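User: Hi! Could you walk me through this model, starting with the overall fold and then going on to the ligand and a few single residues?

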Amino acid sequence: MRLILFGPPGVGKGTQARLLSAELGIPHISTGDMLRTAVTEGTELGRKAKAIMDEGRLVPDDVMIGIVREVLTSPRTARGFILDGFPRTLQQAHALDALLRSLRIDNTVIVILEVDEEVIVRRLRSRLMCSTTGKIYNAEADSLTTGGNCPDCGGTLVQREDDREETVRKRLAVYHKTTEPVIEYYRANGRVITLDGTAPIESVNRTIKSVVGA
Ligand code: AMP
């Protein structure tokens, strides 16, 4: 299965990708998670990316394209992948197309998750992330607090720096201006399905699996 999960920040791409990855044994490739790992490890990439991410801006295309090229040409993704957070610009989409063509991959499905903007702001304001595994929780729905422990692994729960309301609004503006045009590009070129991102997690999961024939 080769899947690109597409949609604004906070729509649930990561949650769906993690579920599908666990169920189907296909790697979840999240460019955001890779960058956050680089920041935590203090690598050169992490040092460069941190300020950009904290401000809700995009890391330069050439850097991101290089990272994704390395992953998609590695044996780890030879049987499939679930891409989450890439591509985010037309240049990234063009580079991904060229890469997939060179790998003779032509069965990629693009799933677009849609959701109302105010729902996103509310969701992200109360989103908590396990600092060990990256698993996502909702503070209110799951009765958890920042600094508390992950119910799964005991790791510390944190709020992402870029989930503050002001930064979320900036990320949404970047999404509309720079990332949304990629949807039109894919509608014209590829296999695209659009789903309601406010539907229950299990129902979105089932629909994605039925569409990709998993
Ligand atoms: P995410 O976890 O997907 O919301 O990504 C968090 C942040 O990482 C974004 O707001 C960007 O600053 C950066 N980022 C992740 N993926 C990309 C990408 N494909 N292109 C540029 N920046 C990215």
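Analyst: Happy to; below we go through the model question by question.

User: What kind of model is this, and how many helices and strands does the protein have?

Analyst: This is a predicted model, so it is good to keep that in mind throughout. The secondary structure of the protein comes to 8 helices and 8 strands.

User: Why does the protein count as compact for its length?

Analyst: For 214 residues the globule rule gives 17 Å, and the radius of gyration of the protein is close to that, so the protein is as compact as a globular protein of that length. Along the principal axes, its C-alpha atoms fill a box of roughly 45 × 40 × 35 Å. The radius of gyration behind this comparison is 16 Å.

User: How much of the protein is buried, and what share of the exposed surface comes from carbon and sulfur atoms?

Analyst: Of the 214 residues, 47% are buried. The protein exposes about 10800 Å². Carbon and sulfur atoms supply 50% of that surface.

User: Among contacts between residues at least 6 apart in sequence, what percentage join residues at least 24 apart?

Analyst: The count here leaves out pairs that are less than 6 apart in sequence. Among the contacts that remain, the share joining residues at least 24 apart is 71%.

User: Now the ligand, please. How many residues surround it, and which helix supplies the largest share of the shell?

Analyst: The ligand has 16 residues around it, and the closest are T31, R36, R57, G85 and Q92. By class, the shell divides into 6 nonpolar, 4 polar and 6 charged residues. The largest share, 4 residues, comes from helix α2 (residues 31-41).

User: Which polar atoms of T31, V59 and G85 lie by nitrogen atoms of the ligand, and how much of the ligand does the protein bury?

Analyst: T31 brings a polar side-chain atom to 2.8 Å from a ligand nitrogen. The backbone takes part too: a polar backbone atom of V59 is 3.1 Å from a nitrogen atom of the ligand, and a backbone N or O atom of G85 lies 2.9 Å from a ligand nitrogen. Taken alone the ligand exposes 490 Å², and the share of it that the protein buries is 96%.

User: Is R127 buried or exposed, and which side chain does it make a polar contact with?

Analyst: R127 lies in strand β5 (residues 127-130). Its relative accessibility is 14%, which is under the 20% cut-off, so R127 counts as buried. Beyond four places in sequence, R127 touches several residues, including G10, Y137, R160 and R171. Its side chain makes a polar contact, at 2.9 Å, with the side chain of D163.

User: Where is Q16, and which backbone nitrogen does its side chain reach?

Analyst: Q16 is found in helix α1 (residues 13-24), and at 4% relative accessibility it counts as buried. Leaving aside neighbours within four places in sequence, Q16 is in contact with residues including L5, L113, I201 and I208. At 3.4 Å, the side chain of Q16 reaches the backbone nitrogen of N205.

User: Is N189 buried or exposed, and which backbone oxygen lies by its side chain?

Analyst: N189 lies in helix α7 (residues 165-189). With a relative accessibility of 53%, which is over the 50% cut-off, N189 counts as exposed. A polar atom of the N189 side chain lies 2.6 Å from the backbone oxygen of Y185.

User: Which residues does the cis peptide bond join?

Analyst: One of the two is P87, in the loop between β3 (81-84) and α5 (90-102). Omega for this bond is about 0°. The cis peptide bond joins F86 and P87.

User: Where is R104, and what is its phi?

Analyst: R104 is found in the loop between α5 and β4 (109-114). At 76% relative accessibility, R104 counts as exposed. R104 is not a glycine, yet its phi is positive, near 55°.

User: And S143: is it buried or exposed, and what is its phi?

Analyst: S143 lies in the loop between β6 (136-138) and β7 (157-158). Its relative accessible area is 64%, so S143 is exposed. Although S143 is not a glycine, its phi is positive, about 50°.

Terms used. Residues are numbered from 1 along each chain as its sequence is written. This is a predicted model: local features need pLDDT of at least 70, side-chain atom pairs count only at pLDDT 80 or more; totals for chains, interfaces and linings use all residues. Side-chain values use heavy atoms; hydrogens and water are left out. A residue is near a molecule or strand if one of its heavy atoms lies within 4 Å of it. A polar contact is a pair of N or O atoms within 3.5 Å; within protein, one must be able to donate a hydrogen and the other to accept it, and residues adjacent in sequence count only if both atoms are side-chain atoms. Accessible areas come from the Shrake-Rupley method with a 1.4 Å probe; for residues, only the protein chains shown count as cover. Ala, Val, Leu, Ile, Met, Phe, Trp, Tyr, Cys and Pro count as nonpolar, Asp, Glu, Lys and Arg as charged, and the others, Gly among them, as polar. The radius of gyration is taken over C-alpha atoms; the globule rule is 2.2 Å times the number of residues to the power 0.38. Buried means under 20% relative accessible area, exposed over 50%, partly exposed in between (1.4 Å probe, protein chains only). Contact means heavy atoms within 4.5 Å.
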